[in-house]
Amino acid sequence: MEVDGEDPPKKLNLPPSMNRPTVSLETQRINRLIDSNHYHSPSKPIYSDRFIPSRSGSNFALFGLEPSPNKDGKEDGPGSYAGMLRAALFEPDTPEKRDVVTGFSPSRKIFRYKTETQRPVNSFSPLGGAGDDESPGVSRSPVKPTRNILKSAYKVLDAPALQDDFYLNLVDWSAQNVLAVGLANCVYLWNACTSKVTKLCDIGIDESVCSVSWALRGTHLAIGTSSGTVEIWDALRCKRIRTMEGHRLRVGALAWSSSVLSSGSRDKSILQRDIRCQEDHVSKLTGHKSEVCGLKWSYDNRELASGGNDNKLLVWNQHSTQPVLRYCEHTAAVKAIAWSPHLHGLLASGGGTADRCIRFWNTTTNTSLSCVDTTSQVCNLAWSKNVNELVSTHGYSQNQIIVWKYPTMSKLATLTGHTFRVLYLAVSPDGQTIVTGAGDETLRFWNVFPSPKSQSRESKIGALSFGRTTIR
């Protein structure tokens, strides 16, 4: 084949007398290509198309090894090299026939896909295996699995005559694991351990129960009535031990602080009652301009938060008769109130149908922290004592229950099942379960919060509580 502008190469035919250096170099190069197996460059080795490592040029010091000569002082066949390779890869003391770490024989293919070999997930981490504890400044914590919150209630109690009234508080759960429910003019007790139902009292056909609240030890129950009286009952003996006057209209909100009971009424006032004193009340708090429908003491018993139908959230201290803090940002009635058990002075409040917002306040610095629009009437709020989460129940228009992560306020779960406004909420003593009540005359139980670290993951309610029964 010819190339344009060039003649074909011709065979060199030089006389022997012409011994030019250039010819000698060309001849040597051709001879090397013809018989490369017999020529060795004095400067560097020549390799074929397969890579065969030259041990004479290997840097064994890089692995802390030294080449071992055979009996004749020369490197021998594959045995010595295989031994050094095994020592470099699998440590010098590794058995020759089977690797105790990975469990395969050197005679097998090293890169063969091994389905029988199981390694922990974190051993594939770029930070190293599980035994790599020497890495400085590296924190190895197991990945937390996402908590699965059941979207349906695991138990339903029928509660005939449970009122559909936003301003009442008819459900409370005691420290002794007993649920108190006000139905019309009666109060019933449901033991969560045995599922036994007990009728505590009947306050008369002319009156109705407007609120119930357990004392902190869970043996005495306060009952607010439609006539404005407050009754104290011994739940163990099913006996009324005291009746206290003071309000002119119904008592829809109650809150305990040690031996002090606070009662909020439709007459716009809050009465502080010390059950150790003979007087029906020791002080009267005035500040709301409409019905008081929400009351909660802080966990340290130093502050009382009250919400009213005047859209106001007020904070009182132990000795004041006038509010020390006023929050007026809500645009509807404030019934939902919850103090954080995790951060001192952190208060959450929720507004009614025209507001629909959950707001957070720092009562220590008297500042507004954040606001979340829930798109529904906020009826109740409760903070988990086990984790930094809270639950809200709602009315118009979705009747949902939402579990929130604080402070991001990301939704962990939205629970539905009630067909009326979810007006009532209480938390079990172990902090894992909530019970909700609605005008659909049902009480529904939900597992929404994780257990405390010191307890089992199983709720104290027990297997006997599963199913659907009637509370009266």
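**View A. Arg-237 is exposed, at 53% relative accessibility, and takes part in a salt bridge with Asp-234.** The model shown in this and the other views is predicted. In the salt bridge, N and O of the two side chains are 2.9 Å apart. Asp-234 has a relative accessible area of 10% and is buried, so the bridge joins a buried residue to an exposed one. In total, the whole structure holds 10 salt bridges.

**View B. Asp-164 and Arg-421 form a salt bridge between two loops.** The closest N and O atoms of the pair are 3.3 Å apart. Asp-164 belongs to the loop between strand 1 (155-158) and strand 2, and Arg-421 to the loop between strand 25 (410-415) and strand 26; the pair therefore ties together parts that are 257 residues apart in sequence. Asp-164 is partly exposed, with a relative accessibility of 34%, whereas Arg-421 is buried, with 11%.

**View C. Arg-356 and Asp-373 are joined by a salt bridge.** The N to O distance between the two side chains is 3.9 Å. Because Arg-356 is in the loop between strand 19 (346-351) and strand 20 (357-362) and Asp-373 is in strand 21 (residues 367-373), the bridge ties together parts 17 residues apart in sequence. Arg-356 is partly exposed, at a relative accessible area of 33%, and Asp-373 is also partly exposed, at 44% relative accessibility.

**View D. A network of salt bridges links Asp-165, Arg-250, Arg-266 and Glu-291.** Side chains of opposite charge can pair when their charged atoms come close. In this network the acidic members are Asp-165 and Glu-291, and the basic members are Arg-250 and Arg-266.

**View E. The largest nonpolar core contains 40 residues.** Leu-179, Val-187, Leu-189, Leu-221, Ile-223, Leu-443 and Ile-471 are those with the most contacts inside this core. At least two core residues come from each of strand 2 (171-173), strand 3 (178-183), strand 4 (186-191), strand 5 (197-202), strand 6 (209-214), strand 7 (220-225), strand 26 (422-427) and strand 28 (442-447). Another core, of 15 residues, lies apart from the largest one and includes Ile-358, Trp-383, Leu-390 and Met-409. In soluble globular proteins, nonpolar side chains tend to be buried together.

**View F. The surroundings of Ile-223 include both nonpolar and polar residues.** With neighbours within four places in sequence left aside, the residues in contact with Ile-223 are Val-187, Leu-200, Cys-201, Val-209, Ser-211, Val-212, Thr-229, Val-230, Glu-231, Trp-233 and Leu-254. Of these, Val-187 is, like Ile-223, among the residues with the most contacts inside the largest core.

**View G. Strand 3 is mostly covered, with six of its six residues buried.** Val-178, Ala-180 and Gly-182 are buried on one side of strand 3, and Leu-179, Val-181 and Leu-183 are buried on the other. In a regular strand the side chains alternate between the two faces of the sheet. Leu-179, on one of these covered sides, is also listed among the residues with the most contacts inside the largest core.

**View H. Strand 3 forms hairpins with strand 2 and with strand 4.** Strand 2 pairs with strand 3 in the antiparallel sense over three bridges, and Trp-173 stands opposite Leu-179. Four residues separate these two strands, and Asn-177 in the turn has a positive phi of about 65°. Strand 3 and strand 4 also run antiparallel and are joined by six bridges; here Gly-182 stands opposite Val-187. In this hairpin two residues lie between the strands, and Ala-184 in the turn has a positive phi of about 60°.

**View I. Strands 14, 15, 16 and 17 form an open antiparallel sheet in the order 14-15-16-17.** Strand 14 (292-297) and strand 17 (325-327) are at the edges and have a single partner strand each, so one side of each is left without a neighbour in the sheet. On average, neighbouring strands of this sheet are turned by 20° against each other, direction ignored. Strand 14 is joined to strand 15 (residues 303-308) by five bridges, and Leu-295 stands opposite Ser-306 in this pairing.

**View J. Residues 285-326 and 415-448 carry the UniProt annotation "repeat: WD".** The annotation comes from an unreviewed entry. Over residues 415-448, the chain is 56% strand and 0% helix. The end C-alpha atoms of this stretch are 10 Å apart.

Methods:
Residues are numbered from 1 along each chain as its sequence is written. This is a predicted model: local features need pLDDT of at least 70, side-chain atom pairs count only at pLDDT 80 or more; totals for chains, interfaces and linings use all residues. Side-chain values use heavy atoms; hydrogens and water are left out. A nonpolar core is a set of buried Ala, Val, Leu, Ile, Met, Phe, Trp, Tyr and Cys residues joined through side-chain atoms within 4.5 Å. Buried means under 20% relative accessible area, exposed over 50%, partly exposed in between (1.4 Å probe, protein chains only). Contact means heavy atoms within 4.5 Å. Two strands pair if DSSP finds at least two bridges between them. UniProt positions are given in the numbering used here, feature names are shortened, and annotations may be inferred rather than shown by experiment. A salt bridge is a side-chain nitrogen of Lys or Arg within 4 Å of a carboxyl oxygen of Asp or Glu. Axes are lines fitted to C-alpha atoms, for helices over the stretch in contact, and angles run from 0 to 180 degrees between N-to-C directions.
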